[in-house]
Amino acid sequence: TAVGPEERLSHLDSRLVKRLIDRNWAVPGPMGLGFAVSEDGRLISNDDNDSELRLYALGVPTRGTFWEVSSVPAIRSRATKMAQTLAALHSTRSYIH
């Protein structure tokens, strides 16, 4: 039987996940499933000074927040919100060339 991917961050053997948590750039989601994320998929951190840090998650890593994350309609809806957020950030950001 297939059981799918491990969704509890505490059970993952991932240097990336461990560093995100250790540096307070991300926190586990509700019930310890995936990462805690905002409505647009931005990782929620423990750091009060995270205004420049913009990390996003989509799909299974957001299960604790959104629960239904693997169906095509759910992924499409979340991806749309994330794309709108990123496009808005890009359009308001000034770049030095």
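User: Why is threonine 62 called buried?

Analyst: Buried means under 20% relative accessible area, with exposed over 50% and partly exposed in between (1.4 Å probe, protein chains only). Threonine 62 has a relative accessible area of 2%, so the label buried fits. Keep in mind that this is a predicted model, where local features need pLDDT of at least 70, side-chain atom pairs count only at pLDDT 80 or more, and totals for chains, interfaces and linings use all residues. Residues are numbered from 1 along each chain as its sequence is written, and side-chain values use heavy atoms, with hydrogens and water left out.

User: What does threonine 62 touch, not counting residues up to four places away in sequence?

Analyst: Contact means heavy atoms within 4.5 Å. On that count, threonine 62 touches Phe35, Val37, Ala57, Trp67 and Val69. Its side chain also reaches the backbone oxygen of glycine 59 at 2.6 Å.

User: And why does alanine 74 count as buried?

Analyst: Alanine 74 comes out at 14% relative accessibility, so it counts as buried. Leaving out residues up to four places away in sequence, alanine 74 touches Glu68 and Val69.

User: What makes up the largest nonpolar core?

Analyst: A nonpolar core is a set of buried Ala, Val, Leu, Ile, Met, Phe, Trp, Tyr and Cys residues joined through side-chain atoms within 4.5 Å. Here, the largest one has 10 residues in all: Leu9, Val17, Leu20, Ala26, Phe35, Val37, Leu43, Ala57, Phe66 and Val69. Alanine 26 touches Leu20, Ile21, Phe35, Leu43, Ile44 and Ser45, again not counting residues up to four places away in sequence.

Note on methods. A polar contact is a pair of N or O atoms within 3.5 Å; within protein, one must be able to donate a hydrogen and the other to accept it, and residues adjacent in sequence count only if both atoms are side-chain atoms.
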